[in-house]
Amino acid sequence: MPLEYLHTMVRVKDLDASIAFYKLLGMVERRRTDNEGGRFTLVFMCPPEQADGHHDVELTYNWDGDDGLPSDSRHFGHLAYTCDNIYDLCQHLMDNGVTINRPPRDGHMAFVRSPDNISIELLQKGDALPEQDPWASMENTGHW
């Protein structure tokens, strides 16, 4: 019986802030469900070229709040995405107020966190870019 990957679900505390963060990564909202009875909203986001429904992040927002968010629990792990130019993406994120927790010193990998403390791994597509400043000398910030 083969399995088929559907999506990754993360709970979010501030839906608008989370949507804005994933849009900074280049994602688009693919689908939204408001459930009046269950008092929650589901927003499915994905890279625009992968809108087939199999590369989604499901943002789950509970209307009555979620006092446990954001926590620093690392049992979830992280989401991972490749990008065409890791330096450009990290600069774009920094320019929009996102902390680069693990800078791409090696031209290959970086980590950031969403507004809900979800760890996001960013990987350079293909070969690593040549090391360059300010990234090569930038220290880690916080947890990743």
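This passage walks through two helices, a buried charged residue, the largest pocket and a few backbone oddities in a predicted model.

Helix α2 is a handy place to start. This helix spans residues 86-95, and its buried members are Ile-86, Tyr-87, Leu-89, Cys-90 and Leu-93. These residues sit on the same side of α2, because the arc they cover around the axis is only 165 degrees. In general, an α-helix has 3.6 residues a turn, so residues three or four places apart point the same way. Turn to the other side of α2 and the picture flips, with Asp-88 and Asp-95 exposed. As for partners, the buried residues of α2 pack against helix α1 (15-24) and against four strands, namely β5 (78-83), β6 (100-102), β7 (109-113) and β8 (119-124).

Both ends of α2 have something to show. At its start, Asn-85 brings a side-chain oxygen to within 3.0 Å of the backbone nitrogen of Tyr-87. After the helix comes Gly-97, with a positive phi near 85 degrees.

Helix α1 can be described along similar lines. Its buried residues are Leu-15, Ser-18, Ile-19, Phe-21, Tyr-22 and Leu-24. The N-terminal end of α1 is capped by Asp-14, which has a side-chain oxygen 3.2 Å from the backbone nitrogen of Asp-16. Just past α1, Gly-26 has a positive phi of about 100 degrees.

Two leucines give a closer look at how this part of the chain meets α2. Leu-24 belongs to helix α1. Its relative accessible area is 19%, and since the cut-off for buried is under 20%, Leu-24 therefore counts as buried. Setting aside residues up to four places away in sequence, Leu-24 touches Leu-89, His-92, Leu-93, Asn-96 and Val-98. Leu-89 and Leu-93 in that set are among the buried residues of α2. As for a residue farther along the chain, Leu-79 is 55 residues away from Leu-24, and their C-alpha atoms are separated by 15 Å.

Leu-25 is found in the loop between α1 and β2 (28-35). This residue is also buried, with a relative accessible area of 17%. Leaving out neighbours within four places in sequence, the contacts of Leu-25 are Leu-89, Leu-93, Ile-120 and Leu-122. Leu-89 and Leu-93 thus appear in the contact lists of both Leu-24 and Leu-25. Arg-39 is another story: 14 residues separate it from Leu-25 in sequence, while the C-alpha to C-alpha distance is 28 Å.

What about a charged residue that is tucked away? Asp-56 lies in strand β4 (residues 56-62). With a relative accessible area of 2%, Asp-56 is buried. The side chain of Asp-56 is joined to that of Arg-30 by a polar contact of 2.5 Å.

Next up is the largest pocket, which has a volume of about 480 Å³. Its lining counts 23 residues, and the closest to the centre are Pro-47, Glu-49, Gln-50, Tyr-81 and Thr-82. Elements giving two or more residues to this lining are β4, β5 and α2. Strand β5 provides the largest share, at five residues. By residue class, the lining of the largest pocket splits into twelve nonpolar, six polar and five charged.

A few backbone details remain, starting with two residues other than glycine that have positive phi. Arg-39 is one of them, with phi near 60 degrees. Its place is in the loop between β2 and β3 (40-46), and at 36% relative accessibility Arg-39 counts as partly exposed. Asn-117 is another, with phi near 70 degrees. Asn-117 is found in the loop between β7 and β8, and its relative accessibility of 21% makes this residue partly exposed as well. Finally, there is a cis peptide bond from Asp-133 to Pro-134, with omega near 15 degrees. Pro-134 lies in the segment after β8.

Definitions and conventions. Residues are numbered from 1 along each chain as its sequence is written. This is a predicted model: local features need pLDDT of at least 70, side-chain atom pairs count only at pLDDT 80 or more; totals for chains, interfaces and linings use all residues. Side-chain values use heavy atoms; hydrogens and water are left out. Buried means under 20% relative accessible area, exposed over 50%, partly exposed in between (1.4 Å probe, protein chains only). The arc is that of the directions from the helix axis to the C-beta atoms. Contact means heavy atoms within 4.5 Å. A polar contact is a pair of N or O atoms within 3.5 Å; within protein, one must be able to donate a hydrogen and the other to accept it, and residues adjacent in sequence count only if both atoms are side-chain atoms. On a 1 Å grid over the protein atoms alone, a cavity is a set of points where a 1.4 Å probe fits but cannot get out, and a pocket is an open set with protein on both sides within 12 Å along at least five of seven lines; lining residues have an atom within 4 Å of a point. Grid points are joined across faces, edges and corners, and a volume is the space filled by probe spheres set on the points. Ala, Val, Leu, Ile, Met, Phe, Trp, Tyr, Cys and Pro count as nonpolar, Asp, Glu, Lys and Arg as charged, and the others, Gly among them, as polar.
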